Amino acid sequence: MKFAIVSKGDDHSNKIKATMKQYLVDFDLIYDKKEPELVISVGGDGTLLEAFHRYVHRLKETAFIGVHTGHLGFYADWIPKELEKLVIEIAKTPFQVVEYPLLEVIIRSHSGGEEDRFLALNETMIKTPEGSVVFDVQIRGEHFETFRGDGLCISTPSGSTAYNKALGGAILHPSLEAIQLTELASINNRVFRTIGSPLILPKHHTCLLKPMVDRSLFIAIDHFTNTYTNVKSIQCRVAKEKIRFARFRPFPFWNRVRDAFVAEGDAHLLDERSL
Ligand code: NAD
């Protein structure tokens, strides 16, 4: 099997990368940065996002796995202490694969020409450096609302625990093929009115955002941000592609949510009087 390792780049992650690489080569696996079947990210969630975007052109052939060298990650769940165990598991391939939905974002400009198409693992965030954005928000080709505010976030189920959560969005289990639209400080008064709640759209329900004022836009796809001018529309929907994670042990999503956001063993903090 061919594999590649993407490191966060700090000394600790680089050392783990070098050790893993050597172990796996000793097991007769082939290190191939160009066409890997397994990509191991060593670092944090940001490193796995980086690895995803590096190999986004070969999602059908490549599976991902994350080792974290900082605090527990959502995508990076193996710890350096488990390295040998993980290497043996990888060497014993074939492995199980779990697929998570992705978000497709298509940006079209008024000048026509080529459109930009992206896949996001976490989300797209749309803001402006010039005050507030004003969008005609369409769902399935019908006008839904006119949004005016700081911006909008459209996230995947696995990205729902990231930026989306900070914006008050719901946490979605990644077995649900859906995307979630959350607001950043919408203006609500007698002139402007938005739904105010996060919206969860199923597969095939496309959301189209049409800028109603000519402003430059900051459009972030996961951790990459670009500035766009002259934008005609931003189209978002569940992508037909999926990310594939290599699984060597159960990794329940709700356990990860609990461990990341709810203090472990918090029940002992409560005494009878506070119940
Ligand atoms: P980063 O890599 O330093 O990540 C920032 C934090 O977000 C880290 O603690 C990381 O573990 C966490 N994170 C990333 N993906 C996650 C996920 N799916 N579920 C739960 N936590 C997750 O920062 P970056 O490289 O600039 O951006 C990467 C991602 O970080 C973005 O896609 C965004 O979702 C997230 N982010 C969140 C906030 C926030 O919650 N206010 C702010 C900035 C960035």
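Reader: So which residues are closest to the ligand, and how many surround it?
Author: In this predicted model, the ligand is surrounded by 16 residues. The closest are Asp-45, Asn-122, Glu-123, Ser-158 and Thr-161.

Reader: What's the mix there, in terms of nonpolar, polar and charged?
Author: The shell around the ligand has 7 polar residues, 6 nonpolar and 3 charged.

Reader: OK, contacts. What does the side chain of Asn-122 do with the ligand?
Author: An N or O atom in the Asn-122 side chain sits 3.0 Å from a nitrogen atom of the ligand.

Reader: And Ser-158, side chain or backbone?
Author: Backbone. An N or O atom of the Ser-158 backbone is 3.0 Å from a ligand nitrogen atom.

Reader: What about an oxygen atom of the ligand, which residue is that one paired with?
Author: Tyr-163 has a polar backbone atom 3.2 Å from an oxygen atom of the ligand.

Reader: How much of the ligand does the protein bury?
Author: The protein buries 62% of the 760 Å² that the ligand exposes when taken alone.

Reader: Which elements give two or more residues to that shell?
Author: Helix H2 (45-54) and helix H4 (163-166). H2 provides the largest share, with 3 residues.

Reader: Switching topic: how is the chain divided into domains?
Author: Into domain 1 (2-95 + 248-274) and domain 2 (102-240). Their C-alpha centres are 29 Å apart.

Reader: How many residues does each put into the contact?
Author: Domain 1 gives 14 residues and domain 2 gives 17 residues.

Reader: And what area do they bury between them?
Author: About 1300 Å², with 76% of it on carbon and sulfur atoms.

Reader: On the domain 1 side, which residues lose the most area?
Author: His-53, Tyr-75 and Phe-253 lose the most to domain 2, and together they make up 40% of what the domain 1 side buries.

Reader: Back to the ligand, then. Which domains does its shell draw on?
Author: Domain 1 and domain 2, with at least three residues from each.

Technical notes:
Residues numbered from 1 in each chain as written. Predicted model: local features only at pLDDT ≥ 70, side-chain atom pairs only at ≥ 80, totals over all residues. Heavy atoms only, no water. Near = heavy atom within 4 Å. Polar contact = N/O pair within 3.5 Å; in protein donor to acceptor, adjacent residues only side chain to side chain. Areas by Shrake-Rupley, 256 points an atom, 1.4 Å probe, with all protein chains shown as cover. Helix = DSSP H or I, 4+ residues; strand = E, 2+ residues; numbered from the N terminus. Nonpolar A, V, L, I, M, F, W, Y, C, P; charged D, E, K, R; others polar. Domains from an automatic or database assignment. Contact = heavy atoms within 4.5 Å. Buried area = accessible area lost by both parts, 1.4 Å probe.
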